[in-house]
Amino acid sequence: MGHNHGHDHDHTHGANKKVLLISFFIITGYMIVEVIGGFLTNSLALLSDAGHMLSDSIALAIALVAFILGEKAASHSKTFGYKRFEILAAVLNGVTLIAIALFIFYEAIKRFANPPEVATTGMLIVSVIGLLVNIVVAWIMMRGGDTEGNLNMRGAYLHVLSDMLGSVGAIAAALLIMFFGWGWADPLASVIVAILVLRSGFYVTKAAIHVLMEGTPSNVDVSDVIQTIEQTKGIQGIHDLHIWTISSGLNALSCHAVVDDELTIAESESMLRKIEHDLEHKGITHVTIQLETAAHKHDESILCTIKNEPAHGHHHH
C-alpha cells in the first residue's frame with residue numbers, strides 16, 4: 001500500500017511540474033505583451049493587470065522551483081530536505097503582491113484626479129487576448145494539476161482565476177471609455193484589480209507565516225487526532241503533542257504516549273502501525289510517538305523531585 005501511495009504522489013508531482021512550466025511560459029510571455037500594451041495605450045488597467053500577471057508568473061516560478069528543490073534529498077544539514085523552501089517562497093510572493101497592489105493604488109489616485117487619454121481600441125484588444133490566455137492557463141491547470149491538495153498549485157491556480165477578473169475589468173473599462181467617454185473607468189478598473197492582488201497577497205502571506213510559526217495545519221482537527229490516538233487499545237493517555245506542517249501536503253505529528261505496562265514489543269509495534277494508519281487518513285503523513293509506561297511516568301516525577309529538591313529528594317515516598 002505504501003508503495004502504491006508513493007507512486008501516485010510522484011505521478012501528480014510530475015504532472016504538476018509540467019503544468020506549471022507550460023503555464024509559466026504562457027503567462028510570462030503574455031505579461032510582457034500586456035506591459036508594452038499598457039505603456040503604448042496609456043492604460044493603468046492594463047498595467048495593473050500586467051502587475052497581476054507578474055504576480056502569477058512569480059507564483060508559478062516559485063511553485064516550480066519549490067517542486068524541483070523539494071525533490072532534492074534530505075542531507076545531514078537539512079534533515080527535511082528543501083521542502084520548506086516552498087513556504088519561504090510563498091511569503092516572498094505574498095509580500096511582492098502587497099507591494100504591487102500598493103503601487104497601483106498610488107498610481108490610480110493620481111489618475112482619478114486627472115484622467116489621461118487612453119487608446120481604447122488597443123486596450124480592448126490586449127485585454128480580450130489577456131482574458132483568453134488566462135482561461136487557457138486555468139483550463140490547463142484544472143485538467144493537469146492537483147489544484148485541490150497542493151498549497152503551491154492551489155495558490156498558482158487562484159492567482160490565474162483572479163487574473164481573469166483583472167482582464168474582465170480592463171475590458172469593461174475600455175468599453176466604458178469607448179461608449180461613454182468615462183476616463184475614470186481605467187483607474188477604477190485598476191483599483192479593483194489592486195484590491196484582488198492585495199487580498200491574495202494577504203492570504204498567501206498569512207498561510208505561509210502560519211506554517212513557519214509551526215501552526216497546526218488547517219486541514220487537521222486536533223481534538224479528533226487526540227481522540228483517535230487515545231481510543232487505540234493499549235494507550236492510557238498522551239501528552240506533549242505537536243502537529244505541524246513541513247511543506248504543503250506534508251504534516252507531521254509527535255507526542256508521548258502512556259501505555260499499559262504489560263504490552264509486549266510486538267503488541268506496541270502493531271499498535272503504532274494502527275495509529276499511523278489511522279492518522280494517515282486524517283492528513284498526517286509523518287508520525288513519531290514516544291511510548292512510556294505509567295510506571296515510567298511515575299519514575300520521571302521522582303527524578304524531577306530529586307532534581308528540584310536535592311535536600312529531601314531521598315525521602316520522597
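**Exercise 1. Determine which residues I27 touches, leaving aside residues up to four places away in sequence.**

Solution. Contact is taken to mean heavy atoms within 4.5 Å. Under this criterion, I27 touches M53, D56, S57, L60, N134, V137 and V160. The structure is a predicted model, in which local features need pLDDT of at least 70, side-chain atom pairs count only at pLDDT 80 or more, and totals for chains, interfaces and linings use all residues. Residues are numbered from 1 along each chain as its sequence is written, and side-chain values use heavy atoms, with hydrogens and water left out.

**Exercise 2. Describe the largest nonpolar core and state which helix gives the most to it.**

Solution. A nonpolar core is a set of buried Ala, Val, Leu, Ile, Met, Phe, Trp, Tyr and Cys residues joined through side-chain atoms within 4.5 Å. Buried denotes under 20% relative accessible area, exposed over 50%, and partly exposed the range in between (1.4 Å probe, protein chains only).

- Step 1. The largest core has 35 residues, of which L20, I27, M53, L60, M123, M141 and V160 touch the most other members.
- Step 2. At least two residues of this core come from each of helix 1 (2-41), helix 2 (44-70), helix 4 (120-144), helix 5 (151-180) and helix 6. Helices (H or I, at least four residues) are DSSP runs, numbered from the N terminus.
- Step 3. With 10 residues, helix 5 gives the most to this core.
- Step 4. Another core, of 17 residues, lies apart from it and includes V220, V225, I238 and V259.

**Exercise 3. Explain which parts of the structure the salt bridge between D186 and R111 ties together.**

Solution. A salt bridge is a side-chain nitrogen of Lys or Arg within 4 Å of a carboxyl oxygen of Asp or Glu.

- Step 1. The closest N and O atoms of D186 and R111 are 3.1 Å apart.
- Step 2. D186 belongs to helix 6 (residues 185-212) and R111 to helix 3 (residues 85-113), so the pair ties together parts that are 75 residues apart in sequence.
- Step 3. Both D186 and R111 are buried.

**Exercise 4. Examine the salt bridges that R273 and K274 form with E276 and D278, respectively.**

Solution.

- Step 1. For R273 and E276, the closest N and O atoms are 3.5 Å apart. The two residues are 3 apart in helix 8 (residues 265-280), and therefore separated by about one helical turn.
- Step 2. R273 is partly exposed, at 48% relative accessible area, and E276 is partly exposed at 32%.
- Step 3. For K274 and D278, the closest N and O atoms are 2.8 Å apart. Salt bridges that share partners join E269, R273 and E276 into one network.
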